[in-house]
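I opened the model today to look up a strand, some ring contacts and a pocket. My notes follow in the order I took them.

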Amino acid sequence: MSGFDWDDMLLSIDWEKENWRLYYKTLQNVPWEEVQTSTVQRLEEQHRAWDAANPESVGDDKRMSPAFLEYFRRQTSMPPDQPWSPNRPDSVRDWITDKGPDTPAAQTPKYKKKQMAQKPKDESIGLDKPGFFTFGFELELPIAVHMKGGLFVDPPHPNETRWLEEGIVNEKMPRAEVQRRVVEEALRVLNSQTDMVFIRKDPDEGTELYKLKMENLDRIDRGLPKLGPEAAESSPSGPESQPVVSPVAETAAEAAFVTALATTFNTDAGGKNLALATEKDLKDAVNETAMLSLITTSDRTSAKSRCLDLLQLHAFRAKRDRHHVALRDMKPRYRAFSVYAMDYSPVMDREDYTDAPSAKNFWANQYHYEVIKIASPVLRLGGEALVETQDMLQQISSTMRGHFRIHRNLPAIQTTTQIVVSHTTGFTLLEIKKIVTLVAIIEEAIAALNRRHRSTAPYDNVCGPIKRHSKLAAMARCDPSIPGFDWEGILPRLPVEQQRAQLEEMEKYVPVDLLAKAGNNKLEDKTFYSSVWQYKTVNDLARAVTTGVEWRKLDLQTKCTGLGEQTEPVEIEVDEAVRAEAWDHDLNFNVVDAVRGVFEFRKCATTLDVGHILSWLDICCQIIGVAKSSSAEEYKTLLTRLLKGEPVLHVLRILDVVQNFYKERMGNSAYFDPRDTSVSWKNPFYDAD
């Protein structure tokens, strides 16, 4: 604390009559953690009122009031939320992750608690109780990009007018370029035809230099100084100290910045989208913009550097969607919708269609497909979340259907609609045990809510059941043939007294007699469930309920780390030679939200049916909410009802509209069977809305 009364000083100015932009640098350096929320709100209202009353003075100045940014941060960081109860409040949800890294390790790595940089008070991670749930969705869409046979092949669907890349005439173009073109087209269309912000996935996202750059931009955005030399000593960006910019250079830089926004990055005049601007785009804009009234070389150099800083900060701000929830230490990409290509490219056969032509004509008229992933930002559960999500999905679905040839779902197309759930307070070890136990018990019922082929052997690598394909399941079944089998490293080894204590805790939450009876007293079931409740750290449990193989996913991916009984960032020390063998990745080396942890549901196939996505979203979020928020008595009662055979959706208190959605679409096989299960070769694509 500085001891200075910032509230009194800030409120002593009549901001409705004063141009706050003249005090911008001062406001940036205010220690906002010492200012009361009522003061911040008052300043935000007055600054907004001044802007509304003086549009001619605001002009093209796109800066946001530091008071507004602080008020927005407080509004979105830690609002309270009600815990789950048997009376079913709003569903529960948290955030989105990515698939694991491309370079997993071949042996169990060494872990240690990650050393976080020292941060001011107002940069807390948001782990204060009670916090709130957040969620996200990821759509994997197989898009026809070009004809494999080139320009001289008769089009198999001559009435189709939707996009194909005209610049690709054969199969010789490098695939990376093919992927870049379809991603750029998706970004162009989505940004122009929706009211949301879509950005690229930065190829440098996982590097330390990128993380430091993004964190410093975030700090500057919130009026905080850059990280000091202690946090940046290993980074090429250097320490906190920056060269002094003369007043004349500062004025020239700000004028050039405004000019660049009005010309190079003015989309209304055909300019580039600042949210999609690369570092090269920003540097080119600086070099192409005149720096007026500068005489010395030093001033010109510092003015260009300062102008680039301003453009970088403005581009950072532009990469935000209005729906996102700001979370400390979350990847900046998850402040907006991101679009990128996956490594997987599906290939279909004649047998996949109901009316395929002859083999000769079929193979001569194939498309080349690329799978494009659209990942949402972090979204908050509660209030109007479901209505807003419905609007977002409808915009995305309508835009993508109308512009692209997106293939309908087939067993041969192993793509997924992913739902990711988390909580701003993170998860305790007990909560993770409850989540894993609940999902394992209802796994078959959840599988039935999805297409039957998602539960067949070819999909064991895409969304295999926890009780069959996790490391712990392999050990419980004594099946060395399952990838990731590890007898020595997975079984919890505790002294007898601690084992008894952990099993006594299990009996408080789980009706063990009913559980054994439901599994016909199978030893593998007893081993699986009792082991889940004996792990002593988040890391150990998370490793046990993953596959240990980068290319093999489960229906629920538990992406959590922690050396104790709470999720927390953990450094994973792995020799590069070991990492290069691309085998046992354990806890994912590139965890998206190591602070809070996330749970990723993967059982649902690709779909652009908004009602289907929303129904599946509600179920996933409610599963996590029930397990995290229920008391021991509530949780045990819930499991008892499930083990006695009561309908899963009824016990979980899933919304009636969701239950009806699934009841109307269950086929004779007792699996989810929507109307478009069979795909015709004459019409293999989703219809345009």
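**Entry 1: a strand and its partners**

I started at Val421, whose bridge partner in S10 is Phe599. I note here that the model is a predicted one. S10 covers residues 598-601, and 3 bridges join S7 to S10, with the two strands running antiparallel.

Next I looked for another partner of S7. Strand S2, residues 133-147, is joined to S7 by 7 bridges, and this pairing is antiparallel too. I picked out one position in it: Leu139 stands opposite Thr417 of S7.

How many of the 7 residues of strand S7 are buried? I found 7 of the 7, over residues 417-423, so the strand is largely enclosed by the rest of the structure. I then sorted the residues by face. In a regular strand, side chains alternate between the two faces of the sheet. One side of S7 has Thr417, Ile419, Val421 and His423, the other has Gln418, Val420 and Ser422, and all of them are buried.

I also checked Phe601, which is in strand S10. Its relative accessible area is 4%, and since buried means under 20%, Phe601 counts as buried. I recorded one contact in space for Phe601: its C-alpha is 6.6 Å from that of Gln557, although the two residues are 44 apart in sequence.

**Entry 2: aromatic rings**

I counted the aromatic pairs and got 15. I describe each pair by the distance of the ring centres and the angle of the planes.

I looked at Tyr353 and Trp681, an edge-to-face pair with 5.2 Å between centres and 75° between planes. Which parts does this pair tie together? Tyr353 lies in the loop between strand S4 (337-341) and helix H12 (359-364), and Trp681 lies in the segment after helix H28 (656-663), so the pair links parts that are 328 residues apart in sequence. I checked burial for both partners. Tyr353 has 7% relative accessibility and counts as buried. Trp681 is buried as well, with a relative accessible area of 7%.

I then took Phe661 and Tyr662. Their ring centres are 5.3 Å apart with the planes at 85°, so I logged this pair as edge-to-face. Both residues are buried.

I noted one aromatic cluster formed by Phe137, Phe198 and Phe337.

**Entry 3: charges over rings**

I looked up two cases of a charge over a ring. Arg380 lies over the face of Phe132, 4.4 Å from the ring centre. The charged end of Lys434 sits over the ring of Tyr635, at 5.4 Å from its centre.

**Entry 4: the second largest pocket**

I read the volume of the second largest pocket as about 800 Å³. Its lining has 36 residues, and the closest to the pocket centre are Ala440, Ile441, Glu443, Glu444 and Lys467.

Which elements give two or more residues to this lining? I listed helices H14 (429-441), H15 (443-448), H16 (460-463), H17 (466-469), H21 (512-518), H22 (523-532) and H26 (632-643). H15 gives the largest share, 5 residues.

Last, I sorted the lining by residue type. I recorded 18 nonpolar, 5 polar and 13 charged residues.

Conventions:
Residues numbered from 1 in each chain as written. Predicted model: local features only at pLDDT ≥ 70, side-chain atom pairs only at ≥ 80, totals over all residues. Heavy atoms only, no water. 1 Å grid on protein atoms, 1.4 Å probe; cavity = no way out; pocket = protein on both sides within 12 Å on 5 of 7 lines; lining within 4 Å. Points joined across faces, edges and corners; volume = space filled by probe spheres on them. Helix = DSSP H or I, 4+ residues; strand = E, 2+ residues; numbered from the N terminus. Nonpolar A, V, L, I, M, F, W, Y, C, P; charged D, E, K, R; others polar. Phe/Tyr/Trp six-rings, centres within 6.5 Å; stacked < 30°, edge-to-face > 60°. Buried < 20%, exposed > 50% of the residue type's maximum accessible area, 1.4 Å probe, protein only. Lys NZ or Arg CZ within 6 Å of the ring centre and 35° of its normal. Pairing = 2+ DSSP bridges.
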